[in-house]
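New page in the notebook. I want to get to know this one from scratch, starting with the overall picture and ending with the side chains.

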Amino acid sequence: MSTPTLSAVCPECETDLTTPPMGKGETLACPECMLTLRVEDVQEDGTLSLAMVEVTLRDWGQ
């Protein structure tokens, strides 16, 4: 028995991604460019629509 997977393409580096089942709003990191991505939508055919997540770095005053 195989585990269902979803597929997507990184919007930044266009790397093909395969993920375990995910829901809208969940996040993942692209293994190629390390960008944080958020699932915007899950299509009927098992593909994910991804968007880049803006990461704000904290200024620790150093």
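My entries below go from the fold to the surface and then to charged pairs.

Entry one, a reminder to myself: I am looking at a predicted model.

Entry two, the fold. I looked up the secondary structure and found five strands and zero helices. Reading from the N terminus, I get β-β-β-β-β. Next I checked how spread out the protein is: its radius of gyration is 14 Å, while the globule rule gives 11 Å for 62 residues, so I put it down as more spread out than a compact globule. I also noted the span of the C-alpha trace along the principal axes, which is about 50 × 20 × 20 Å.

Entry three, contacts. I took the contacts with a separation of 6 or more and asked what share joins residues 24 or more positions apart. I got 19%.

Entry four, inside and outside. Of the 62 residues, 24% are buried. The protein exposes about 4900 Å², and I see that carbon and sulfur atoms supply 48% of that area.

Entry five, charges. How many salt bridges does the count come to? I found one. Its partners are arginine 38 and glutamate 40, whose side chains meet at 2.8 Å, N to O. That is within the 4 Å cut-off, so the pair counts. Opposite charges on side chains can pair when the charged atoms come close.

Last check: are these two buried or exposed? Neither, quite: glutamate 40 is partly exposed at 31% relative accessible area, and arginine 38 is also partly exposed, with 31% relative accessibility.

How values were computed
Residues are numbered from 1 along each chain as its sequence is written. This is a predicted model: local features need pLDDT of at least 70, side-chain atom pairs count only at pLDDT 80 or more; totals for chains, interfaces and linings use all residues. Side-chain values use heavy atoms; hydrogens and water are left out. Buried means under 20% relative accessible area, exposed over 50%, partly exposed in between (1.4 Å probe, protein chains only). Helices (H or I, at least four residues) and strands (E, at least two) are DSSP runs, numbered from the N terminus. The radius of gyration is taken over C-alpha atoms; the globule rule is 2.2 Å times the number of residues to the power 0.38. Contact means heavy atoms within 4.5 Å. Accessible areas come from the Shrake-Rupley method with a 1.4 Å probe; for residues, only the protein chains shown count as cover.
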